[in-house]
2 protein chains.
Amino acid sequence: MASDHLSLTLAALADPTRRAMLARLAQGEATVTELAAPFALSLPTVSKHLKVLQHAGLVTQGRKAQWRPCRLAAAPLREVAAWMEDYRQFWDESFDRLDDYLHDLQSQGKEQPQ
Amino acid sequence: MASDHLSLTLAALADPTRRAMLARLAQGEATVTELAAPFALSLPTVSKHLKVLQHAGLVTQGRKAQWRPCRLAAAPLREVAAWMEDYRQFWDESFDRLDDYLHDLQSQGKEQPQ
DNA sequence: CTCTTATTATGCTATTGAGCTAAATAGCGA
DNA sequence: TCGCTATTTAGCTCAATAGCATAATAAGAG
């Protein structure tokens, strides 16, 4: 069943249609119909995709008359980033001591070096 | 079908069993049997999970007598990181100009031989 | 060659996910 | 109220995935 939230998020992101919907929402709110427009998919199908995204917390839906404007809620991506961080050394070529240093700098309240 | 590689990778990562297998491999090579040990799963099932990870390019398998030692191959995570980068501003609170500066610094040089 | 161990292939079942159409709900506007 | 638009629910099909047990393959040990 894989119902931990990270799994939910990754599963939601694993579908290209859903990623495209997120890309659209990154540019601002959109109604379900607007979101559906670029796809050759029925509205119920789009609605279902939306539900998956909402369930993962990646989208929130408001209410404006009969429209349900959707908004990106990217917080779950933090979870993904946190998970990936453990593997950083395996994929980030520039992961080295300076990298650590920069990350320390970063987290300790940024003043500009140099 | 969703057969672009990013989708493949995310789908592979969406399963907690597979993520646990990657976590194990992050500590070093392991045979299929070793990988299977922590799980209450049959070997064929584990073998299938491995195939998914291999298909996504997240694991490579060698050959040593009758063992097939598996190794982590985290390169596909770069793809995930690249995708997430477009959404950084939406989830990374410390996303600001300094952050950019630090990333520039990061990418402009320094390799460290092992 | 035979035995044993490690792994994968096959064939099966059950569950989930993506897609559809048609019907139901929600809210505006006349 | 009636009708129009937006969206979701219900019910279906099909394909994919996770799981199992059993059988086949691969390779070392005797």
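Mentor: Helices here are DSSP runs of at least four residues and strands are runs of at least two, numbered from the N terminus. Keep in mind that this is a predicted model.

Trainee: What pattern does chain A follow along the sequence?

Mentor: With those runs in hand, chain A reads α-α-α-α-β-β-α-α-α. That order comes from seven helices and two strands.

Trainee: Why is B:Ser7 called buried?

Mentor: Buried means under 20% relative accessible area. B:Ser7 has 1%, so the residue counts as buried. Its place is in helix H1 of chain B, residues 5–13.

Trainee: What makes the pair formed by B:Ser7 and A:Ala14 a polar contact?

Mentor: The cut-off for a pair of N or O atoms is 3.5 Å. A polar atom of the B:Ser7 side chain lies 3.3 Å from the backbone oxygen of A:Ala14, so the distance is within that cut-off.

Trainee: Let's turn to the DNA. Which residues come nearest to DNA strand C?

Mentor: Of the 24 residues around DNA strand C, the nearest are A:Arg18, A:Thr45, A:Lys48, A:His49 and B:Thr33. Sugar and phosphate make up 75% of the strand C atoms that come within 4 Å of the protein.

Trainee: How do you know that A:Arg18 and A:His49 make polar contacts with a phosphate oxygen of DNA strand C?

Mentor: Set each distance against 3.5 Å. An N or O atom in the A:Arg18 side chain is 2.6 Å from a phosphate oxygen of strand C, and for the side chain of A:His49 the distance is 2.3 Å. Both values fall within the cut-off, so both pairs qualify. From chain B, a polar backbone atom of B:Arg68 is 3.2 Å from a phosphate oxygen of strand C.

Trainee: And what does B:Lys48 reach on DNA strand D?

Mentor: A base oxygen: a polar side-chain atom of B:Lys48 lies 2.8 Å from one. Elements giving two or more residues to the surface near strand D are helix H3 (32–36) and H4 of chain A, together with H4 of chain B. H4(A) gives the largest share, five residues.

Trainee: Which contacts with phosphate oxygens of strand D involve chain A?

Mentor: Among them are a polar backbone atom of A:Val32 at 3.2 Å and an N or O atom in the side chain of A:Gln61 at 3.0 Å.

Trainee: How does the surface near DNA strand D divide by class?

Mentor: That surface has nine nonpolar, nine polar and seven charged residues. Near strand C, the division is nine nonpolar, nine polar and six charged.

Note on methods
Residues are numbered from 1 along each chain as its sequence is written. Chains are lettered from A and ligands numbered from 1 in the order in which they are written. This is a predicted model: local features need pLDDT of at least 70, side-chain atom pairs count only at pLDDT 80 or more; totals for chains, interfaces and linings use all residues. Side-chain values use heavy atoms; hydrogens and water are left out. A residue is near a molecule or strand if one of its heavy atoms lies within 4 Å of it. A polar contact is a pair of N or O atoms within 3.5 Å; within protein, one must be able to donate a hydrogen and the other to accept it, and residues adjacent in sequence count only if both atoms are side-chain atoms. Ala, Val, Leu, Ile, Met, Phe, Trp, Tyr, Cys and Pro count as nonpolar, Asp, Glu, Lys and Arg as charged, and the others, Gly among them, as polar. Buried means under 20% relative accessible area, exposed over 50%, partly exposed in between (1.4 Å probe, protein chains only).
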